[in-house]
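Student: Please take one part of this model and look at it closely, working through how its helices and selected side chains are placed. I would like a single connected account, with the terms explained as they come up.

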Amino acid sequence: MDLSNFLLMRQEISLIAIFVVLFMYDLFASDNAKRYFQPVACILFAIHTLYGFCPTIPTGSAFAGMYVTDSIHILVKNILNIGVLLTFLQSSVWLKSSDTLIRRGEFFIITLSTLFGMYLMISAGHFLMFYIGLETASIPMATLVAFDKYKHHSAEAGAKYILTAAFSSGIMLYGISMLYGATGALYFSDIAPMLTSGNAMMLLGMVFFLAGMFFKLSLVPFHLWTADVYQGAPTPVTAYLSVVSKGSAAFVLTILMFKVFSHFAVEWKEIFKWIIIITITVGNLFAVRQNNLKRFLAFSSISQAGYIVLGILAGTGLGMATVVFYIAAYLFSNFAAFGVISSIESKTGKVEISDYNGLYQTNPKLSLVMMLSLFSLGGIPFFVGFFSKFFIFYAAAEQGYYITVLLALLNTIISLYYYLLIIKAMFINKSDAPIEAFKTDGYNRLSLLICVTGILVVGLISPIFNLIEKLSFGM
């Protein structure tokens with residue numbers, strides 16, 4: 001091992017550098033200087049995000065193959081970086097409250113810790129590296145969920161999240177140990193050729209591993225923690241959890257299914273077919289019953305996870321490309337919705353759908369942003385969510401999964417119904433006491449501008465998907 005191993009981890013080193021600078025700033029800066037903590041953090045991380053798109057970042061493997069990076073890994077990290085930047089922008093007003101102001105620096109530092117763990121998960125070529133990354137991301141995440149420690153719901157959500165994360169990690173680790181016992185290896189490249197469909201221990205190891213991953217993605221029947229955690233966590237953390245955390249887990253699952261468990265394709269595809277349909281259906285049916293917007297988007301995210309796994313089911317380079325594109329589309333759409341919710345909650349404390357009655361009359365711009373995000377999440381043409389769903393359906397149908405695609409398509413109609421309920425509340429329903437007109441803070445306005453641009457533009461620029469597809473086929 002020499003210095004070249006570390007030089008390959010340039011995105012990780014850049015992230016650690018920001019972490020150290022912000023940590024020292026928070027530790028030694030005066031109270032007057034800390035007023036500029038958020039703009040400094042946002043500017044530094046914006047530079048890091050732009051650096052991620054630099055074509056000079058090297059690719060290859062390090063530490064005897066435990067760490068692997070190539071163009072598609074770098075792209076996914078860049079997508080997650082955009083999500084983290086949006087989280088920082090949308091947390092501005094919340095972090096200025098009396099309960100969180102003194103701990104403002106902790107929020108940024110802990111968030112960067114979770115992102116570092118996701119980086120390691122994405123670039124892992126070895127199950128030990130993958131598990132270290134998983135725990136590095138999961139444990140600080142529980143701290144973020146419980147960040148509003150003086151609020152009962154936040155503390156409760158943090159407890160539920162850490163218990164669920166520990167349980168799912170234990171199940172996953174048991175599955176990994178069975179794979180190690182059956183093959184004597186932990187490298188992805190070494191395990192793959194040794195897997196045989198007739199070996200019960202190998203098959204059981206894969207099933208336990210998938211159960212742990214399904215917890216992370218909140219797929220049915222491993223979804224029961226999702227609504228309570230999303231409702232109790234601070235809204236910017238909920239957005240981060242629903243998009244960035246889930247997006248990293250989805251990409252890692254895609255890599256492992258394609259590279260490690262390809263010999264078990266018949267078995268895991270049969271499992272995935274049922275999981276997809278049940279997840280999308282349950283998520284949609286329960287979303288219809290919700291009045292709290294954060295619980296509503298929790299069940300919406302469960303349904304969206306089912307669509308993401310549909311791309312994994314395709315089992316092709318095109319399927320991987322659709323998963324990456326779907327994560328990007330979901331990021332812009334979901335952060336736009338949470339940005340509106342965060343703005344209104346920080347001003348009024350209201351998070352119920354019924355509170356949004358007549359919102360267009362007092363806050364037309366926020367209403368329009370929410371409408372665009374919901375149209376995109378529902379797959380209305382010609383927003384980015386429509387293209388992401390179209391590509392997902394095409395990739396699965398190309399492999400002959402017509403029934404699964406048809407059922408997923410029918411569920412899209414159900415999702416349109418409950419997304420339109422919110423639009424109806426904002427634009428059609430009348431209210432004697434609508435939410436008063438107010439001006440959104442500059443940070444959140446910038447985040448909403450980025451999201452709306454992504455919703456309207458990304459899906460229409462065909463070279464973006466073509467590039468993702470090219471990188472995926474190069475895996």
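**Serines, a helix pair and the core**

Tutor: S177 is found in helix α8, which spans residues 152–183, where helices are DSSP runs of H or I with at least four residues, numbered from the N terminus. This is a predicted model, in which local features need pLDDT of at least 70 and side-chain atom pairs count only at pLDDT 80 or more, while totals for chains, interfaces and linings use all residues. Residues are numbered from 1 along each chain as its sequence is written, and side-chain values use heavy atoms, with hydrogens and water left out.

S177 has a relative accessible area of 40% and is therefore partly exposed, given that buried means under 20%, exposed over 50% and partly exposed in between, with a 1.4 Å probe and protein chains only. Its C-alpha atom is separated by 45 Å from that of P39, a residue 138 places away along the chain.

S300, by contrast, sits in helix α14 (residues 293–314) and counts as buried because its relative accessibility is 0%. Apart from neighbours within four places in sequence, S300 is in contact (heavy atoms within 4.5 Å) with A287, Y418 and Y419.

A third serine, S367, belongs to helix α17, and S367 too is buried, because its relative accessibility is 0%. The S367 side chain reaches the backbone nitrogen of Y360 at 3.2 Å; with neighbours within four places again set aside, S367 is in contact with L359, Y360, M426 and F427.

Helix α17 (residues 364–378) also packs against helix α15 (residues 317–348), their axes coming within 8 Å and crossing at roughly 145°, where axes are lines fitted to C-alpha atoms over the stretch in contact and angles run from 0 to 180 degrees between N-to-C directions. On the α15 side, Y330, S333, N334, A336, A337, V340, I341 and I344 meet L366, V369, M370, S373, S376 and L377 of α17. By class, this contact has 10 nonpolar, 4 polar and no charged residues.

The largest nonpolar core has 170 residues, and those with the most contacts inside it are F127, F130, F261 and F272; such a core is a set of buried Ala, Val, Leu, Ile, Met, Phe, Trp, Tyr and Cys residues joined through side-chain atoms within 4.5 Å. Helix α15 gives the most to this core, with 18 residues. F130, leaving out residues up to four places away in sequence, touches M121, A124, M172, F188, F209, M213 and V252.

Technical notes:
Helix = DSSP H or I, 4+ residues; strand = E, 2+ residues; numbered from the N terminus. Nonpolar A, V, L, I, M, F, W, Y, C, P; charged D, E, K, R; others polar. Polar contact = N/O pair within 3.5 Å; in protein donor to acceptor, adjacent residues only side chain to side chain.
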